[in-house]
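Visitor: Hello! Could you show me the chain, so that we can talk it through together?

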Amino acid sequence: MEMNVSHLLFADDTIIFCEARKEHLTHRGWILAWFEAASGLRINLAKSELILVGEVEDIEEMAVELGCRVGDFPVKYLGLPLRAHHKALSMWDGVEERMRRRLVLWKRHYLSKGERITLIKSTLTSIPIYQLSLF
């Protein structure tokens, strides 16, 4: 059987994109079990979610097949919302809040003005770049 699979991996977080067909999910369940047996690692399916894109029949049955729960969009991956409206100002509130918290911590440190500017510039450029890389 031919299956197209796409994925994102980062440290111990993984997203797998695939067709919503029961036989495909059964095969993926076997692959995950073989991975566990070969690596000695354990996949925590209680923390895993099956998230739909479009209309899918028997989603509950598929979730039971994999041993996970059914999730919904928007979902956070690595602290960023997926399938959120990236033009909505409210979506950027988390980025702004993280920057505010970091600035408060930096103000407590006794850094020279040049050190603070360098630190702020590097952080201000890296956080939006990281968030925009998902879009």
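Visitor: In what order do the elements of the chain run from the N terminus on?

Guide: Happy to help! This is a predicted model, where local features need pLDDT of at least 70, side-chain atom pairs count only at pLDDT 80 or more, and totals for chains, interfaces and linings use all residues. Residues are numbered from 1 along each chain as its sequence is written, and side-chain values use heavy atoms, leaving out hydrogens and water. Helices (H or I, at least four residues) and strands (E, at least two) are DSSP runs, numbered from the N terminus. The chain has 4 helices and 6 strands, and its elements run β-β-α-β-α-β-β-β-α-α.

Visitor: Which helix gives the largest share of the largest nonpolar core?

Guide: Such a core is a set of buried Ala, Val, Leu, Ile, Met, Phe, Trp, Tyr and Cys residues joined through side-chain atoms within 4.5 Å. Here the largest one has 8 residues, including Leu25, Leu50 and Cys68. The largest share of this core, 4 residues, comes from helix α2 (residues 59-66).

Visitor: Is tryptophan 30 exposed, partly exposed or buried?

Guide: Tryptophan 30 sits in helix α1 (residues 22-39). Buried means under 20% relative accessible area, exposed over 50%, and partly exposed in between (1.4 Å probe, protein chains only). Because its relative accessibility is 47%, tryptophan 30 counts as partly exposed.

Visitor: Which residue in β2 is the bridge partner of phenylalanine 10?

Guide: Two strands pair if DSSP finds at least two bridges between them. Strands β1 (residues 6-10) and β2 (residues 13-17) pair in the antiparallel sense, over 5 bridges. For phenylalanine 10, the partner in β2 is aspartate 13.
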